[in-house]
Each structure stands twice: as structure tokens, then as C-alpha cells.
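Here are a few exercises to work through with the model open in your viewer. Try each one yourself before reading on to the solution.

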Amino acid sequence: SNQSMISGLIGNRHRTFVPNKKRQNTARYQELHRYAQASLGAVDLDTTCEVPPNTNIREWIAVNADSFANECAILNDTIANQFCTSESCPTMSAGPNYDFLWQDPNVKSAKPTSIPANQYCSQCLDWILTLLDDETFFPQEIGKPFPKDFDKRISKVFLRLTRIYAHWYRAHVQDFEQRGSLAHLNTCFRHLYMFCSLHKLVEEKDWQPLSAEVKMIAKAPK
């Protein structure tokens, strides 16, 4: 089933999706990653999203960005790619009022371009995972400083993750539901929203395409 496939991939996510083998073999990374992973199924996300004791906040945000990006990549590769195609979704839209253009972060002066949603999602996730693998951006050694533009760039990471969810919710809720994966999608989105809200990573206006989901899923009473 799709659910068991997801569970299997989540169990193997280090080997499957995280390219930086050196980092993931450090005790520090494993400890923080376990801490981040433990919160995925937690009831009280308010508490589990908080920075653990004796942890640099940027390190915590980067480890969680890695977790959220891997979670999104699993959903994209195992579920969304079955129905989100260049034919079904020729643009990266989130309903009639929102169209997201792809601007290649690796090319200076790149022009924003309209591309199919599946390409946007894949290129976006590739960019995020490559960025988090860059040790000048996410230092491997404890105590090594994060770059001065870390906060600005990590906010862009979380913004682009929200756009992927916005497309899925506006265009593919029934597709996820038919494959028995909607509950998992909701759990992943709620965790992302709670984490971003707590650490002020995404501006309020950028949640607008997901306002219904924020109200129903993320802010629902526990």
C-alpha cells in the first residue's frame, strides 16, 4: 500500500534522501534528527517544535528543514508523481488566484519562469536538499558559524515548501484521499505550519493560499 511504502521510506530516509553521509554519521546530527523525528507523530507540537536545551537555534531550524524537505520529497516521489504531471498541471498554481514562477536560485539574474507543477516541486526539493548539504550554509562542525544570510535563505526554503503544499491542497486533495494518503499529508502540513509559526519563518501573507487548511488542520483543537 502507499501508506506502507511511505513508512518504509521514512524509515530509510537517511539512506534514501539525505546526501550528506558525513554529517548524518555525526552523533550530534543523529541526536538532533532523532529529536526532530520524534515530534512527527507527537500530539503536542507546540512543545516539540521548540528548540531543545543547549542547541543553537539555527542548527535546530536547519535540521528540521532537512526533515521537512525529506518528508515532502517522500510525498512527492511516492504519491504526487502518480497524478501531478505536466499535462494535468502545466503551471505551478494554487487555485485561480495564485501562480508561482520558478526562479533558479543558482543562476544570477535568472528570470522567473512558468514551468509545470511537477517540475517546480522536483527542482525546488533538489535545490533545498543540495543547499542543506552545503557545509558553508549548514556547518557540520559544532560551533562553526552559520553564514550571515542564513536566516534569509532558510526562510526561502520554508516558503517554497509551503508552495508545494499549497499546490497539492488546491489541485490534488482528492488524489491524495483516493490513495489513502490525505491524513499523512495533513499531519506533515500541520507540523510544518506549527514549526514555521513558532519560529516566524514564513510571513503571514504567504499562508494565504493555504488559509482554509491553516484554519481546519493546523489550528484545529487538539
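**Exercise 1.** Which residue lies over the face of Trp127?

Solution. Keep in mind that you're looking at a predicted model. Start at the ring centre of Trp127: Arg160 lies over the ring's face, at 5.1 Å from that centre. Next, place the two residues: Trp127 is among the H7 residues that meet H8, and Arg160 is among the H8 residues on the other side of that contact.

**Exercise 2.** Work out how H7 and H8 are arranged relative to each other.

Solution. Step one: get the geometry. Helix H7 (residues 117-132) packs against H8 at an angle of about 150 degrees, and the axes are 10 Å apart. Step two: classify the angle. Anything over 145 degrees counts as roughly antiparallel, so H7 and H8 are roughly antiparallel to each other. Step three: add the handedness, which is left-handed for H7 passing H8. Step four: look at who touches whom. The H7 side includes Tyr120, Cys124 and Leu131, while the H8 side includes Ile154, Val157, Leu161 and Trp168.

**Exercise 3.** Now do the other neighbour of H7: how do H6 and H7 cross?

Solution. The axes of H6 and H7 come within 10 Å and cross at roughly 150 degrees. H6 and H7 are therefore roughly antiparallel to each other, and H6 passes H7 in a left-handed crossing. From H6, the contact residues include Ala62, Ala65, Ala69 and Ala73; from H7, they include Ser122, Leu125 and Leu129.

**Exercise 4.** Classify the ring pair Phe83 and Phe176, and say what it ties together.

Solution. The structure holds 16 aromatic pairs, so there's plenty to choose from. In this one, the ring centres are 5.3 Å apart and the planes sit at 75 degrees; edge-to-face needs over 60, so the pair of Phe83 and Phe176 is edge-to-face. Now place the partners: Phe83 is in the loop between helix H6 (57-78) and strand S1 (92-93), and Phe176 is in helix H8 (residues 150-178), so the pair ties together parts that are 93 residues apart in sequence. Check burial too: Phe83 counts as buried at 9% relative accessibility, and Phe176 does as well at 0%. Finally, zoom out: ring pairs link both into a cluster with Tyr165, Trp168, Tyr169, Phe189, Tyr193 and Trp207.

**Exercise 5.** Is Glu213 buried or exposed?

Solution. Find Glu213 in helix H10 (residues 211-218). Its relative accessible area is 4%, so Glu213 is buried. Leaving aside neighbours within four places in sequence, Glu213 is in contact with Tyr169, Arg170, Phe189 and Ala218. Tyr169 and Phe189 also belong to the ring cluster from Exercise 4.

Notes:
Residues numbered from 1 in each chain as written. Predicted model: local features only at pLDDT ≥ 70, side-chain atom pairs only at ≥ 80, totals over all residues. Heavy atoms only, no water. Phe/Tyr/Trp six-rings, centres within 6.5 Å; stacked < 30°, edge-to-face > 60°. Helix = DSSP H or I, 4+ residues; strand = E, 2+ residues; numbered from the N terminus. Buried < 20%, exposed > 50% of the residue type's maximum accessible area, 1.4 Å probe, protein only. Lys NZ or Arg CZ within 6 Å of the ring centre and 35° of its normal. Axes fitted to C-alpha atoms, helices over the stretch in contact; angles between N-to-C directions. Parallel < 35°, antiparallel > 145°, perpendicular 65-115°, else oblique. Left-handed = near helix turned anticlockwise from the far one by under 90°. Contact = heavy atoms within 4.5 Å.
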